[in-house]
Every structure is written in structure tokens, then in C-alpha cells.
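Here is a note for a colleague who is opening this entry for the first time. Please keep the sequence and the model in view while reading the points below.

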Amino acid sequence: MVRVIMLSPPGAGKGTHSRWLTRQTGAAHISSGDLLRAEVASGSELGQQVAAYTARGDLVPDDLIFSILAPAVVAAARDTGGYVLDGFPRTMPQALRSAQFGAELRLTSNAVVYLTAPEEELVDRLLDRAQRDGRDDDTLEVIRHRLAVFTRQTAPLVEYYRGRGILIELSTDRPEAEVQADLLNQLQARGLVDPGTGEPIARPRRASENGAAENR
Ligand code: AMP
């Protein structure tokens, strides 16, 4: 089953590609940005703390994102057997902590999809999205800041995951259908989805798995 991390600068298409991938595989789609926006919209005290970071385009502190996300990942992976993590991890401490957590729970990620596009294309896409969705962090100034935050805090994860041999790097500066076909091929080549149907590969569970989600 797919346990995938979508890693990309803002505007490279991680939301778009997470959505069809979860439809196709039945894995849970967990978007850190959506969870944070829901918390902000709820008007809770935690939401107000979160908004102070997201409105500026800064990352929320690692402890905070971990406490919001970890229970969602565990529950979703137990229910569906897999996950597509859209927007998490985004810093080295998040990556190291989630690798340790994943190993303990037998929920280790089996692929990291790194989506790329030229910077000016990213800016254009986000400004288009601003007109459609009205996100308050899609202004030109905040977009530029989010791109700089990606370069400084998130880009180091690319080499970390490349070193672990699970990185799939794809340009999204081409038609969406081409990116989809390419990603599916690469997941098939790694034995994560079935080559014939595009469905996830289900392996029989071992008795020792004792309720763990691995390989369901
Ligand atoms: P996104 O929807 O993925 O573009 O995320 C929107 C905003 O949520 C980001 O600019 C950050 O402020 C915050 N955010 C999302 N994911 C994370 C994360 N893993 N760590 C810290 N902040 C995050």
C-alpha cells in the first residue's frame, strides 16, 4: 500500500496530485495545510496561534504541527492501510521525528514525491489560485516568503530522502495527465501499485502485525 510523502514548494501541485492518488489507491489524504486552516477557521485559541504563522507564510512550530498531525496519520493509516501526506514533513526535525515514529508504528513511508516547477511558474499558479480560492497567504509578498522558507527549511529534505533511496522527482511544468502517468509508472516500478489496474498492491497480513496497518 502507498505510504507517500508529497514534498514540493508551494504551487508545484502537491494538493492536486495527492487528490487523484488517494482516490486511485484508497489511502488517506492528510493535508497539513487543510488541517491547520480548519483549526484557524474554528476560531479556537490554538487556531489563533496557528494563524499568526500561516498568515505570514512562516512554518508553525514543529511541536505544534506534530501534535495536530500525528493522531490523524495513525488513525487514517489504521483505517485505510496507507497515507498520502500532503505538506508534512517540512523541516529536518519533522522528518527525523516522523521517521522514528513511523518505524515504531510500522508506518514507515515507502516513497517521497518531490514535485518541481520553475519559480516564476509557481508564483503565477499561486496568484491564479488567489483569485479562485482567496487564501490569505496567496499574496505576492507572502508567496515570495513561502518560497524562501521552502528553500531554507524544506529543500534539505530532498537530499535526505534521496539518500534513503525513496525519492521520486517529477517536473510538473507539463500537462497534468503526463505527470499523473509518470508518477503512476514510478509507483508501479517500485511495486507500490499494481501495474495492471493501478490499484494498490494488497499483501496478506501476518498474524504478528497485530492490528498494525503495514501492508494492508
Ligand atoms: P500548504 O497548504 O501546504 O501550502 O500550507 C499552508 C501553511 O500551513 C504553510 O505556509 C505553513 O504556514 C503551514 N504548514 C503546513 N504544513 C506545515 C508543516 N508541516 N510544518 C509547519 N507549518 C506547516
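1. Is R106 buried, exposed or partly exposed, and why? R106 counts as partly exposed because it has 13 C-beta neighbours inside 10 Å, where a residue would need 20 or more to be buried and 12 or fewer to be exposed. The residue sits in the loop between α5 and β4, and its phi is near 55 degrees, which is a positive value in a residue other than glycine. Please bear in mind throughout that this is a predicted model.

2. As to the overall plan, the protein has 9 helices and 5 strands, and read from the N terminus these elements follow the order β-α-β-α-α-α-β-α-β-α-α-α-β-α. Of its 216 residues, 37% are buried. If one takes the contacts between residues at least 6 apart in sequence, 74% of them join residues that are at least 24 apart.

3. The largest nonpolar core holds 44 residues, and the members that touch the most others are V2, V4, Y83, V84, L85 and V113. Helix α4, residues 62-80, provides the largest share of this core, with 5 residues. For a single example that can be followed in the model, L85 touches V4, I5, M6, I30 and V73, when residues up to four places away in sequence are not counted.

4. Helix α1 has 12 residues, 14-25, and at 1.5 Å a residue it should span 16 Å, which agrees with the 16 Å between its end C-alpha atoms. The residues K14, H17, S18, L21, T22 and T25 of this helix are buried; they cover an arc of only 130 degrees around the axis, and therefore lie on the same side of α1. The cover over these buried residues includes the strands β1 (3-7), β2 (28-31), β3 (83-86) and β4 (111-116), together with helix α9 (176-189). After α1 comes G26, whose phi is positive, near 80 degrees.

5. Helix α7 can be read in a similar manner. Its 15 residues, 140-154, should span 21 Å at 1.5 Å a residue, and the end C-alpha atoms are 20 Å apart, which agrees. Within α7, the residues V142, I143, R146, F150 and T154 are buried, and because they fall within an arc of 100 degrees when seen down the axis, they line one face of the helix. On the other side of α7, the residues L140, E141, A148, T151 and R152 are exposed. What covers the buried residues of α7 includes α6 (119-133) and α8 (156-163).

6. Which residues come nearest to the ligand? Of the 18 residues around the ligand, those that come nearest are S32, G33, L59, G87 and R90. By class, this shell has 8 nonpolar, 6 polar and 4 charged residues. Helices α2 (32-41) and α3 (45-54) each supply at least two residues of the shell, and α2 gives the most, with 3 residues.

7. G87, one of the residues that come nearest to the ligand, deserves a separate look. This glycine lies in the loop between β3 and α5, and it is buried because 23 other C-beta atoms lie within 10 Å. G87 touches K14, S31, S32 and G33, leaving aside residues up to four places away in sequence. With G33 the separation is 54 residues in sequence, whereas in space the two are 6.7 Å apart, C-alpha to C-alpha.

8. The loop between β3 and α5 (92-105) also contains P89, and the peptide bond from F88 to P89 is cis, with omega near 0 degrees. A reader who checks backbone geometry may wish to look at this bond alongside the positive phi of R106.

9. A last point concerns R174, which lies in the loop between β5 (167-171) and α9. R174 is exposed, because it has 11 other C-beta atoms within 10 Å. R174 and A117 are 57 residues apart in sequence, while their C-alpha atoms are 9.1 Å apart in space.

Terms used:
Residues numbered from 1 in each chain as written. Predicted model: local features only at pLDDT ≥ 70, side-chain atom pairs only at ≥ 80, totals over all residues. Near = placed C-beta within 6 Å. Helix = DSSP H or I, 4+ residues; strand = E, 2+ residues; numbered from the N terminus. Nonpolar A, V, L, I, M, F, W, Y, C, P; charged D, E, K, R; others polar. Expected span 1.5 Å × (residues − 1). Arc of directions from axis to C-beta. Contact = placed C-beta atoms within 7 Å. Core = buried A, V, L, I, M, F, W, Y, C linked by C-beta atoms within 7 Å.
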